[in-house]
Amino acid sequence: GDYVLFLDSDDYLEPDALSSLLFEAKRTGSRMVIASYLSHREGKKKGRPWLFRGKKERMGEERFLTRFLHGIKIRGFVWGRLYARSLLEEVYPFPYPNRLFEDACFTLALGFFAKDVSYLPKPIYHYMVGSHDSLTGKANPRRLEDHLYAFMAIKEFLKSHGTKKSLRQFQRSAFWMKWNLLFDARISVRG
């Protein structure tokens, strides 16, 4: 097919998820369409919506980088988004394999090279938090190392492909990333 969507094995989609994403991709010509999602704690039926402010939006590469670096409408995961196959082939081979947090590096590269990203504020994806199968929720001695690796990979990507503005934004967002690293340090040793 011409489009790809990633779905974690313990998550699920709204019945009209694919048609909504595909309609938006074709309407706008965007090679990447991001939608909102619902976050579910294990054992709970009702999901918490992660609805970001604003309406439908189209972003060029600079606006995408700003939104990504500040966690506005864009989080560092690949699931629940529609990608043009041509975009995935352009970014392939995947530069950060077999590590936790590789999604963040991949999302950054995909959004940057898409040149045109659309945002759909409708929640179409159901993310299951605290799943016993989740790698990110388990104690893992490599967790901190992998997060640091992703942090540095993002910085190197911005040095190579970004602008001075995006590099400054990355440096300002480093405070948020440091808090994540502290959390990871705690989880890495927990067991």
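Here a visitor asks a guide how the labels on this predicted model are justified.

Visitor: Let's start broad: what is the make-up of the protein chain in helices and strands?

Guide: The chain has six helices and seven strands. Along the sequence they come in the pattern β-β-α-β-β-β-α-β-α-α-β-α-α. As for burial, 45% of the 191 residues are buried.

Visitor: What makes Asp-16 and Lys-122 a salt bridge?

Guide: Their side chains come to 2.4 Å, N to O. The label asks for a Lys or Arg side-chain nitrogen within 4 Å of an Asp or Glu carboxyl oxygen, so the pair qualifies. Searching the whole structure turns up six salt bridges.

Visitor: Where do Asp-16 and Lys-122 sit in the chain?

Guide: Asp-16 is in the loop between strand E2 (12–13) and helix H1 (17–28), while Lys-122 belongs to strand E7 (residues 117–129). They are 106 residues apart, and the pair links distant parts of the chain.

Visitor: Why is Asp-16 called partly exposed?

Guide: Its relative accessibility is 29%. Buried means under 20% and exposed means over 50%, so a value in between gets the middle label. Lys-122 is also partly exposed, at 31%.

Visitor: How do you know that Arg-31 and Glu-90 form a salt bridge?

Guide: The closest N and O atoms of Arg-31 and Glu-90 are 2.9 Å apart, and the limit is 4 Å, so the label holds. Arg-31 is in the loop between H1 and strand E3 (32–41), and Glu-90 is in helix H3 (residues 85–91), so this bridge ties together parts 59 residues apart in sequence.

Visitor: Is Arg-31 buried or partly exposed?

Guide: Partly exposed, because its relative accessibility is 21% and buried would need a value under 20%. Glu-90 gets that label too, with 45%.

Visitor: What makes Asp-116 buried?

Guide: Asp-116 has 16% relative accessibility, and the cut-off is under 20%, so buried is the right word. Its salt-bridge partner is Arg-58, with the closest N and O atoms 2.3 Å apart. Arg-58 itself is partly exposed, at 46%.

Visitor: Which parts of the chain does that pair tie together?

Guide: Asp-116 lies in the loop between helix H4 (102–114) and E7, and Arg-58 lies in strand E5 (residues 57–59), so the linked parts are 58 residues apart in sequence. E5 and E7 are also joined by three bridges and run antiparallel. In that pairing, Arg-58 stands opposite Ser-118 of E7.

Visitor: Why point out Lys-115 and its phi?

Guide: Lys-115 has a positive phi of about 70 degrees, and it is not a glycine. Most residues other than glycine have a negative phi. Lys-115 is in the loop between H4 and E7, and it is partly exposed, with a relative accessible area of 47%.

Visitor: Why is E3 described as largely enclosed?

Guide: Nine of its 10 residues are buried, so the rest of the structure largely encloses E3.

Visitor: How do you know that E3 and strand E6 pair?

Guide: Three bridges join E3 to E6 (residues 81–84), and pairing needs at least two, so they pass. These two strands run antiparallel. One bridge sets Val-33 against Leu-82 in E6.

Visitor: And in which sense do E3 and E7 pair?

Guide: Parallel, over 10 bridges. Among the partners, Leu-38 goes with His-126, and Ser-39 stands opposite Tyr-127.

Visitor: What makes E2 and E7 a pair?

Guide: They share two bridges, in the antiparallel sense. At least two are required, so E2 and E7 qualify. Leu-13 has Tyr-125 in E7 as its bridge partner.

Visitor: Why is Lys-164 called exposed?

Guide: Its relative accessible area is 70%, and exposed means over 50%, so the label fits. Lys-164 is in helix H6 (residues 164–189). Together with Lys-165, Arg-168 and Arg-172, Lys-164 forms a positive surface patch.

Visitor: Why "positive" for that patch?

Guide: The members are Lys-164, Lys-165, Arg-168 and Arg-172, and Lys and Arg count as positive, so the name follows.

Notes
Residues numbered from 1 in each chain as written. Predicted model: local features only at pLDDT ≥ 70, side-chain atom pairs only at ≥ 80, totals over all residues. Heavy atoms only, no water. Patch = residues over 30% accessible without salt bridge, like charges linked within 9 Å, V, L, I, M, F, W, Y side chains within 5 Å. Areas by Shrake-Rupley, 256 points an atom, 1.4 Å probe, with all protein chains shown as cover. Charge placed at Lys NZ, Arg CZ, Asp CG, Glu CD. Helix = DSSP H or I, 4+ residues; strand = E, 2+ residues; numbered from the N terminus. Buried < 20%, exposed > 50% of the residue type's maximum accessible area, 1.4 Å probe, protein only.
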